[in-house]
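User: Can you walk me through this model?

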Amino acid sequence: MTLRTGEKGFTLLELLAVMGIIIIIAASIFTIIPGIREKTQKKATKAFMERLEITIEQYYDDNRIYPSTGIAALKATLHPSNATSKRYIEFDSDEVDGDNIVDEWGNPFVYSQPGTSTHNTATTYDLYSTGSDGVTSSSGGDADDINNWSR
Ligand SMILES: [Ca+2]
């Protein structure tokens, strides 16, 4: 019985091939994961905005006016620090930062009341997140911005 050499273990070429495959898989994971993460953050920001909009409408139903302009005013109106005033919403700690209501990227939402007439009718409001880049170049109309008038 003869034992041929090179049958045991892996050849250098096989090892290199395996390493190459591992590198390709790892590289694709590292490029895909940030995309998935951004999608999740977008979804969560949209869901949070929908919650805010429902809350704003509840406030409107009670008071027949919308909360005054500015995100800090909106937060103070929907969640007054005075415990005897009606609270329309309870925030998680990651949904607020100081006086601001923030999106999934930690940036304040923008709230304007009345809304810009080109976006909403003058009696309602504009609410938007500046998106993953944290800035807007066209008042909530950036490609990555999430707003309440073009969904
Ligand atoms: Ca943006």
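Analyst: Here is a short account of the fold, one residue and one helix. The model is predicted, so local features need pLDDT of at least 70, side-chain atom pairs count only at pLDDT 80 or more, and totals for chains, interfaces and linings use all residues. Residues are numbered from 1 along each chain as its sequence is written.

User: How many helices and strands are there in the protein?

Analyst: The protein has 2 helices and 5 strands, taken as DSSP runs (helices H or I, at least four residues; strands E, at least two) and numbered from the N terminus. The order from the N terminus is α-α-β-β-β-β-β.

User: Is the protein a compact globule or more spread out?

Analyst: More spread out, because its radius of gyration is 25 Å, well over the 15 Å that the globule rule gives for 151 residues. That radius is over C-alpha atoms, and the rule is 2.2 Å times the number of residues to the power 0.38. Along the principal axes, the C-alpha atoms fill a box of roughly 95 × 35 × 25 Å.

User: Arginine 37, buried or exposed?

Analyst: Arginine 37 is exposed, with 12 other C-beta atoms within 10 Å. The cut-offs are 20 or more for buried, 12 or fewer for exposed, and partly exposed in between, with C-beta atoms placed from the backbone. Arginine 37 lies in helix H1 (residues 12–63).

User: Which residues of helix H2 are buried?

Analyst: In helix H2 (residues 71–78), they are Leu74, Lys75, Thr77 and Leu78. They are on the same side of H2 because they cover an arc of only 165 degrees around the axis, using directions from the helix axis to the C-beta atoms.
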